[in-house]
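Colleague: I should be grateful for a formal introduction to this structure, which I have not seen before.

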Amino acid sequence: DVSLIMTGLTPSNEECYSTVVINSLMNMLNDPSLGQYHSSVIDTINIFKTLGLKCVPFLERIIPDFIVVTRACPTSKLDPYFNQLSILVYCQTAYRKNLFP
């Protein structure tokens, strides 16, 4: 992605591929015409389990979009959304524990 390279994020940077994936997923969440895929995008939050604390810089980009899509979701389908939200909360909590021993 040229815009990432212009900000100094090159393929040799450790965060480059994660950034590309997160940006693509958030673009999908922001596109109402891709609504049928929103639950699949939310399911990919599992990648944060593998990123661990490296996901923290992405949370400010993810949480607002996640909440917007969750609000639009039918009540009967909210369980997976809350499960994925718990993963995001866990990542943030783990990060804070490292800041305040």
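The exchange below takes up confidence, fold, core, pocket and selected residues in turn.

Modeller: Residues are numbered from 1 along each chain as its sequence is written. This is a predicted model in which local features need pLDDT of at least 70, side-chain atom pairs count only at pLDDT 80 or more, and totals for chains, interfaces and linings use all residues, while side-chain values use heavy atoms, with hydrogens and water left out.

Colleague: In which helix is confidence lowest?

Modeller: The score used is pLDDT, the predictor's confidence in each residue, from 0 to 100. Its mean over the chain is 80, and 83% of the residues reach 70 or more. Where pLDDT is low, the predicted coordinates should not be read in detail. Confidence is highest in H5, at a mean of 86, and lowest, at a mean of 62, in helix H1 (residues 2–6).

Colleague: How many helices does the chain have?

Modeller: Helices (H or I, at least four residues) and strands (E, at least two) are DSSP runs, numbered from the N terminus. Along the sequence the pattern reads α-α-α-α-α-α. The chain has 0 strands, and its helices number 6.

Colleague: Which element gives the most residues to the largest nonpolar core?

Modeller: A nonpolar core is a set of buried Ala, Val, Leu, Ile, Met, Phe, Trp, Tyr and Cys residues joined through side-chain atoms within 4.5 Å; buried means under 20% relative accessible area, exposed over 50%, and partly exposed in between (1.4 Å probe, protein chains only). The largest such core has 21 residues, of which Ile45, Phe48, Ile62 and Leu88 touch the most other members. Two or more residues come from each of helix H2 (16–29), H3, helix H4 (47–51), H5 and H6. The greatest contribution to this core, 5 residues, is from H5.

Colleague: Which helix supplies the largest share of the lining of the largest pocket?

Modeller: On a 1 Å grid over the protein atoms alone, a pocket is an open set of points where a 1.4 Å probe fits, with protein on both sides within 12 Å along at least five of seven lines, and lining residues have an atom within 4 Å of a point. The largest pocket holds about 210 Å³ of space, and of its 13 lining residues the closest to its centre are Ser39, Cys73, Pro74, Lys77 and Tyr81. Helix H3 (38–43), helix H5 (56–72) and helix H6 (79–99) each supply at least two lining residues. The largest share, 4 residues, comes from H3.

Colleague: Is serine 39 buried or partly exposed?

Modeller: Serine 39 belongs to helix H3. Its C-alpha atom lies 9.3 Å from that of threonine 70, although the two are 31 residues apart in sequence. Because its relative accessible area is 35%, serine 39 is partly exposed.

Colleague: How many disulfides does the count come to?

Modeller: A disulfide is taken to be a pair of cysteine sulfur atoms within 2.5 Å. Cysteine 55 is buried, at 0% relative accessibility, and cysteine 73 is also buried, at 12%. By the distance rule, the number of disulfides is 0.

Colleague: What is the relative accessible area of valine 89?

Modeller: Valine 89 is found in helix H6. Its C-alpha atom is separated by 9.8 Å from that of isoleucine 63, 26 residues away along the chain. Valine 89 counts as partly exposed because its relative accessible area is 47%.

Key. Grid points are joined across faces, edges and corners, and a volume is the space filled by probe spheres set on the points.
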